[in-house]
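Me: Please take me through the terms used for this model, and show how each one follows from the computed values.

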Amino acid sequence: MQTVHAPRSTPILLVEDTPSLARVYAEFLKKDCTSVTTVETGAEALEQLADGAPRIVLLDLQLPDMHGMEVLKRISAQALPCAVIIITAHGSVGVAVEAMRYGAYDFLVKPFSAERLTVTVRNAMERLRLAQLVDSFEKDLGRSRYHGFLGSSLAMQAVYRIIDSAASSRATVFITGESGTGKEVCAEAIHRQSPRADRPFIAINCGAIPKDLMESEIFGHMKGSFTGAVVDREGAAARANGGTLFLDEICELAPDLQTKLLRFIQTGTFTPVGGSRLEKVDLRIICATNRDPLREVEEGRFREDLYYRLHVIPIHLPPLREREDDVLEICRQFLADYTREEGKGFVRFSPAAEQALRTYHWPGNVRQVQNVVRNIVVLHDGDTVTPAMLPAPLGTPAGAAVASPAVGVGNGQGGGHAAGHGPVAHTPSPKTVKPLWEVERDAIEEAIAACDGNIPRAAALLEISASTIYRKRLAWQAEGKL
């Protein structure tokens with residue numbers, strides 16, 4: 001076995017039983033690889049592959065101890081991440097086809113030039129690089145679960161990537177988003193992805209604790225410092241030492257406490273309520289709010305210097321209506337969880353029920369989805385969730401009448417009611433009722449027309465994502481409905 005070192009970065013295994021040819025090929029390749037390891041037998045090749053697969057394998061078929069095709073089959077069976085280039089003096093279409101069937105990248109027939117060999121190897125290297133790139137994209141873009149999150153939409157893939165990048169840092173993260181979008185889930189994901197994952201994660205909801213107790217909740221207090229302080233109490237900052245402190249609804253903090261929090265962030269030190277000794281901790285702060293923090297600053301309710309100290313890495317969690325079909329993934333998971341918990345028999349949503357879930361705008365986001373699916377599972381049973389099982393406002397409660405705005409009974413006056421008569425309930429006739437897809441199509445097309453063909457702007461007005469409009473229009477075009 002012989003190894004020739006060279007300056008670049010792709011290790012090559014050359015399996016060639018003629019030493020003179022092996023030396024020539026190795027010289028050809030010196031400029032394009034880190035090392036060329038040469039072996040003369042199939043057994044040596046398999047040993048090298050077992051120790052660590054090279055990136056490129058140049059494989060002669062006529063070996064003294066076995067046919068090179070057996071080595072190729074072993075590489076294929078083990079799915080080793082390398083590109084195999086077959087070398088033989090006895091080329092035929094049949095052999096080439098069999099080699100390609102077992103995953104060979106290319107087929108070189110002796111004799112061949114240095115240029116032919118180096119170009120083939122470079123192309124194989126580029127193919128491996130592109131395959132790695134595709135794998136990394138698939139890994140990033142194909143995640144439907146991520147530390148408590150459910151959803152594979154592009155909007156959520158962007159969130160996952162920010163968390164991946166931010167987790168290893170100590171920088172403060174500021175999470176924004178509507179209620180129910182999963183801000184605490186996001187904070188926990190950052191903590192679990194970080195080097196502090198085995199240390200405490202302490203969460204405080206700044207809007208749920210009385211303002212006069214908030215300082216004690218964060219920094220702790222000493223016995224006798226106020227009425228009811230009968231013992232020393234450790235605050236969240238001390239309990240989170242070494243880990244992460246999550247301050248939810250940060251914009252609810254009182255102005256005087258904002259000042260103390262700013263000093264704490266700047267120095268890493270604090271004094272418990274009623275205490276006199278400074279305590280120092282090492283922790284990461286993550287905060288969140290469902291408000292617009294910059295507007296809170298502009299209107300004087302939140303300190304500007306604290307805002308800029310906290311707003312180092314912003315993460316905005318998109319509302320569910322902007323997450324494409326994530327709602328169906330979330331609904332299916334909750335359905336499986338609650339069905340198991342309640343001992344029911346549900347296994348699926350009907351297509352009509354899925355359409356209703358997909359098109360609803362979900363003002364309460366994921367928290368509302370949880371409530372809706374639990375309501376369905378608790379109050380019904382069966383194997384399929386139908387539209388009739390959906391609670392209001394997604395479904396129409398049983399027995400509810402369909403009413404229209406009041407209309408007058410003709411007295412020639414227009415807009416009044418007939419004497420002695422109240423509003424008259426009106427039930428649309430079958431001729432006036434349009435299919436739901438048609439109503440949806442008309443609303444989308446009217447919005448696009450009103451926006452002069454600007455689909456993203458129309459999507460914003462309709463409070464849906466632009467990708468939803470593109471997808472629906474393609475489907476309608478395919479079905480001849482547009």
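The exchange below concerns a predicted model and treats its strands, a sheet and a helix contact in turn.

Me: What makes strand 2 covered on both faces?
Reply: In strand 2 (residues 12–15), Ile12 and Leu14 lie on one side, and Leu13 and Val15 lie on the other. All of these residues are buried, and buried stands for under 20% relative accessible area. Both faces of strand 2 are therefore covered. In a regular strand, side chains alternate between the two faces of the sheet.

Me: How do you know that strand 2 pairs with strand 3?
Reply: Two strands pair if there are at least two bridges between them. Four bridges join strand 2 to strand 3 (residues 35–39), so the criterion is met, and the two strands run parallel. Within strand 3, Val36 is the bridge partner of Ile12.

Me: How do you know that strand 2 also pairs with strand 4?
Reply: The requirement is again at least two bridges. Strand 2 and strand 4 (residues 56–60) have four bridges, in the parallel sense, and therefore count as paired. Here the bridge partner of Ile12 is Ile56.

Me: Why are strand 10 and strand 15 said to stand at the edges?
Reply: The open sheet consists of five strands in the order 10-11-14-9-15, with parallel pairing. Strand 10 (201–205) and strand 15 (313–316) each have a single partner strand, so one side of each lacks a neighbour in the sheet. On average, neighbouring strands of this sheet are turned by 20 degrees against each other, direction ignored.

Me: What makes strand 10 and strand 11 a pair?
Reply: Five bridges link strand 10 to strand 11 (residues 244–248) in the parallel sense, and at least two are needed for a pair. The two strands therefore pair. Phe246 in strand 11 is the bridge partner of Ala203.

Me: Why is helix 13 called oblique to helix 14?
Reply: Helix 13 (residues 326–342) and helix 14 (residues 351–359) pack at an angle of about 120 degrees, and their axes are 9 Å apart. The angle falls outside the range of 65 to 115 degrees for roughly perpendicular and is not over 145, the cut-off for roughly antiparallel, so helix 13 is oblique to helix 14. Their crossing is right-handed.

Me: Which residues make the contact of helix 13 with helix 14?
Reply: Helix 13 contributes Val327, Leu328, Cys331 and Arg332, and helix 14 contributes Glu354, Leu357 and Arg358. The residues of this contact comprise four nonpolar, no polar and three charged.

How values were computed. Residues numbered from 1 in each chain as written. Predicted model: local features only at pLDDT ≥ 70, side-chain atom pairs only at ≥ 80, totals over all residues. Heavy atoms only, no water. Buried < 20%, exposed > 50% of the residue type's maximum accessible area, 1.4 Å probe, protein only. Axes fitted to C-alpha atoms, helices over the stretch in contact; angles between N-to-C directions. Parallel < 35°, antiparallel > 145°, perpendicular 65-115°, else oblique. Left-handed = near helix turned anticlockwise from the far one by under 90°. Contact = heavy atoms within 4.5 Å. Nonpolar A, V, L, I, M, F, W, Y, C, P; charged D, E, K, R; others polar.
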